[in-house]
Amino acid sequence: ISFNIGQLACYQSTLHKIDTIYFVGNYVRGNIIGQKQICFAVNFMGGNKVSPRFLQHDGYLGALGAFMREFETPEL
């Protein structure tokens, strides 16, 4: 599962020309083995051109996203 997460994230980052991927959530929080597998997958698939990052305090990101959604411009 971890390798697939890293692989899909790497493909998306390549598609959108992003060189840093941030992983958050309950699955990776405190899961050292999962983090290592994701890093291996991203480095393997991305040829060490993409950098995986894991946030230590990510518990408030959902609330932050909901807050920022309030200020989005409506689509026409």
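**Aromatic pairs, two buried polar residues and a surface patch**

Let me begin with the aromatic residues: Phe 3, Phe 40 and Phe 44 form one aromatic cluster. Please keep in mind throughout that what we are looking at is a predicted model.

In the structure as a whole there are 3 aromatic pairs. One of them is made by Phe 23 and Phe 54, whose rings are stacked, with 5.4 Å from centre to centre and 25 degrees between the planes. Phe 23 belongs to strand S1, residues 20-23, while Phe 54 belongs to strand S2, residues 51-54, and the pair therefore ties together parts that are 31 residues apart in sequence. As for how these two sit relative to the surface, Phe 23 has a relative accessible area of 8% and is therefore buried, whereas Phe 54, at 23% relative accessibility, counts as partly exposed.

Coming back to the cluster, the rings of Phe 40 and Phe 44 are also counted as stacked, because their centres are 5.9 Å apart and their planes stand at 15 degrees. Phe 40 and Phe 44 are 4 residues apart in helix H2, so about one helical turn separates them. Phe 40 is partly exposed at 49% relative accessibility, and Phe 44, at 54%, counts as exposed.

Let me stay with helix H2, which covers residues 32-46 and also contains Gln 35. Is Gln 35 buried or exposed? With a relative accessibility of 18%, Gln 35 counts as buried, and its side chain reaches the backbone oxygen of Val 28 at 2.7 Å. If we set aside neighbours within four places in sequence, Gln 35 is in contact with Val 28, Gly 30 and Phe 54, the last of these being the Phe 54 that stacks with Phe 23.

A second buried residue to look at is Ser 13, which lies in helix H1, residues 2-15, and has a relative accessibility of 3%, so that it counts as buried. Leaving out residues up to four places away in sequence, Ser 13 touches Ile 18, Ile 21 and Val 50.

Finally, let me turn to the surface, where Tyr 22, Val 24, Leu 55, Leu 61, Leu 64, Phe 67, Met 68 and Phe 71 form a nonpolar patch whose accessible area together is about 830 Å². Which helix gives the largest share of this patch? That is helix H3, residues 61-69, which contributes 4 residues. Phe 67 lies in helix H3, and with a relative accessible area of 53%, Phe 67 is exposed.

Notes
Residues numbered from 1 in each chain as written. Predicted model: local features only at pLDDT ≥ 70, side-chain atom pairs only at ≥ 80, totals over all residues. Heavy atoms only, no water. Helix = DSSP H or I, 4+ residues; strand = E, 2+ residues; numbered from the N terminus. Buried < 20%, exposed > 50% of the residue type's maximum accessible area, 1.4 Å probe, protein only. Contact = heavy atoms within 4.5 Å. Polar contact = N/O pair within 3.5 Å; in protein donor to acceptor, adjacent residues only side chain to side chain. Patch = residues over 30% accessible without salt bridge, like charges linked within 9 Å, V, L, I, M, F, W, Y side chains within 5 Å. Areas by Shrake-Rupley, 256 points an atom, 1.4 Å probe, with all protein chains shown as cover. Salt bridge = Lys/Arg side-chain N within 4 Å of Asp/Glu carboxyl O. Phe/Tyr/Trp six-rings, centres within 6.5 Å; stacked < 30°, edge-to-face > 60°.
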